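Thanks for passing this one along. Could you keep the model open while you read my notes?

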Amino acid sequence: MNEKFLDLLAQKYDSAEKVATEIINLEAILNLPKGTEHFVSDLHGEYQAFQHVLRNGSGNVKEKINDLFQDTLSENDRNEFATLIYYPEEKLKLIKSHFGNELELNQWYTEIIERMLKLISYASSKYTRSKLRKALPKPFVYIIEELLYKKDDSTNKDDYYSKIVQQIISLAQADQLIIGLAYTTQRLVVDHLHVVGDIYDRGPEPDKIIETLIGYHSVDIQWGNHDVLWLGAFAGSKVCLANIIRICARYNNLDIIEDVYGINLRPLLTLAEKYYEDNSAFRPKLQSEKKLSDYEQLQITKIHQAIAMIQFKLEIPIIKRRPYFNMSERRLLEKIDYETKEITIYGKTYPLENSCFATVNPMQPDQLLEEEQQVIEKLLFSVQHSEKLARHMNFLMKKGSLYLKYNGNLLIHGCIPLDEEGNMEKMTIENKTYAGRELLDRFESYLRYSFEHPEMTDDLATDMVWYLWTGEYSSLFGKREMTTFERYFIKEKETHKEGKNPYYYLREKEEICQKILAEFDLHPEQGHIINGHTPVKEIDGENPIKANGRMLVIDGGFSKPYQSVTGIAGYTLLYNSYGMQLVAHKQFHSKEDVLGDTTDVLSVKRLVDKELVRKKVRETNIGKELLQEISVLNSLREYRYMN
């Protein structure tokens, strides 16, 4: 151990007693039960549904309420209490409106505060007092600790405790205390949150999800393909930028671009108004609750066409300068006969419909008009100078990665590219070949480099970020090609198919999942691969638990456009010291429905794995860090205090 480092450490631990105390503390923590991990995936901007899942801990809050009050509270009272924990501000207003006098209200305050303190005591039973203290509402820490640690077998301080509660009520602090206790409970039932990709696109409020995560006590993110698209746009990729605007136009979410992130779309609209007309293939997909005037719909339809054509043009130079992307068939604007309005792809000719090629030069299809060039430059400048977007993208980079090894499990949004035999697909980049974990590490290094150099817009790193969105060997895409162009312009459905990487059917096999776990130095018979990205069609009988429990797919469809296909509204996963449980969610309509009906949007939990011996902190990632700290402290003890 470096003596200089130990000398510096000794400034903090300046006595043998302080070193010993810290070692004792850390050793004790190692023997606590592991905290509960909460896994969510494919949120796609559905902030309200995500909020509800976060607030109820995928049923964890209700489970603890039932454990404590099954015999003393009716089911209706337990539901009312759970709703108060989820939405304390709103529920308090509803409850208080039903009381006829102050005496009844004060009696309710007394009972509910006592009930909440019992729940917090139960939910915090596997945490240290120090950790609990950090979770308590700061203005009431001293008071809550006094009430939490009172001795039930002694009457000496009964009047003392009663007076504390009475004073809280008489000084009009009961509401704030109850709200604080509710949020403390939410925090205690989940020790760590994993977001397994795709916060952005489709849904209306990804920015609010990011803001929630920024304030969350412990979280990590595995980037999804849509997240990387936004990171790429901020990092300087014009084609990624064109894609995010096109997707926002497609799903009527341009408010995210213009109103939330302050990116001026007026130049794009001016261009669109000049060159494009109405086009049924480019009309925005509307959710039932969203209404647009005919004029608004026409504006979005024109913007949609304008940015799509810019996107298709921008793709061609990248494909040309990166032949190892193996995407020459995707230079689609070059494959069109502009006189006959036909396209020849993969050796077959198809007629084009819904065409909108007014800005395309048939002699040089990838050439941007001067106006298009100016528009995309202005958009990129606006994106890179959005203060709010910069904060959100920096958070995504800080907390994110392409994959994560955590407590023996592999968390990845998309796939590990495989060939038909189950071998890791190889990709050659700049004359060097990568596969498996090494390929993913290489992808992530390019993304981080591109993000650190936003002024570089056409370099390999920036091109590689776009490849992550759409490339054959991308771990985030996992398909042979992206047929966006075909779905706009070609009627024949055969051209719309996007062949999936063999991973998506081979992951049903236990030996394949074990092989992948071993590739990432994880235990092949104890670890799990936790996946998002592909909606599980429960409505058709698809099982999210695959490969004898080695593979768990938790994208069940938070995104509303998918829910008619999946039959549910998302899966989440809980992993505590006793094992893993998968939770399916019914469609979330509104917070008001929950407040009125006091019902959750959960279906039956499914047991994935049950720990034979209760797992302790010692066996977790945090445990490994604590063991390293103990080793360092023992070195300090020997170096400084045992001579």
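Below are a few numbered points on helices and cores.

1. This is a predicted model, in which local features need pLDDT of at least 70, side-chain atom pairs count only at pLDDT 80 or more, and totals for chains, interfaces and linings use all residues. Residues are numbered from 1 along each chain as its sequence is written, and side-chain values use heavy atoms, leaving out hydrogens and water.

2. Have a look at helix H3 (residues 47-56): nine of its ten residues are buried, so the helix is largely enclosed by the rest of the structure. Buried means under 20% relative accessible area with a 1.4 Å probe, protein chains only. Among the buried residues are Tyr-47, Phe-50, His-52 and Arg-55. Just after H3, Gly-57 has a positive phi of about 55°.

3. Helix H4 (residues 60-69) and helix H7 (residues 102-123) have axes that come within 10 Å and cross at roughly 110°. That makes H4 roughly perpendicular to H7 (65 to 115 degrees). Axes here are lines fitted to C-alpha atoms over the stretch in contact, with angles from 0 to 180 degrees between N-to-C directions. The residues of this contact divide into six nonpolar, no polar and four charged.

4. The largest nonpolar core (buried nonpolar residues joined through side-chain atoms within 4.5 Å) has 192 residues. Leu-213, Trp-230 and Phe-489 are among those with the most contacts inside it. Helix H17 (residues 294-321) gives the largest share, twelve residues. A second, separate core of 15 residues includes Leu-6 and Val-617.

Key: Helix = DSSP H or I, 4+ residues; strand = E, 2+ residues; numbered from the N terminus. Parallel < 35°, antiparallel > 145°, perpendicular 65-115°, else oblique. Nonpolar A, V, L, I, M, F, W, Y, C, P; charged D, E, K, R; others polar. Buried < 20%, exposed > 50% of the residue type's maximum accessible area, 1.4 Å probe, protein only.
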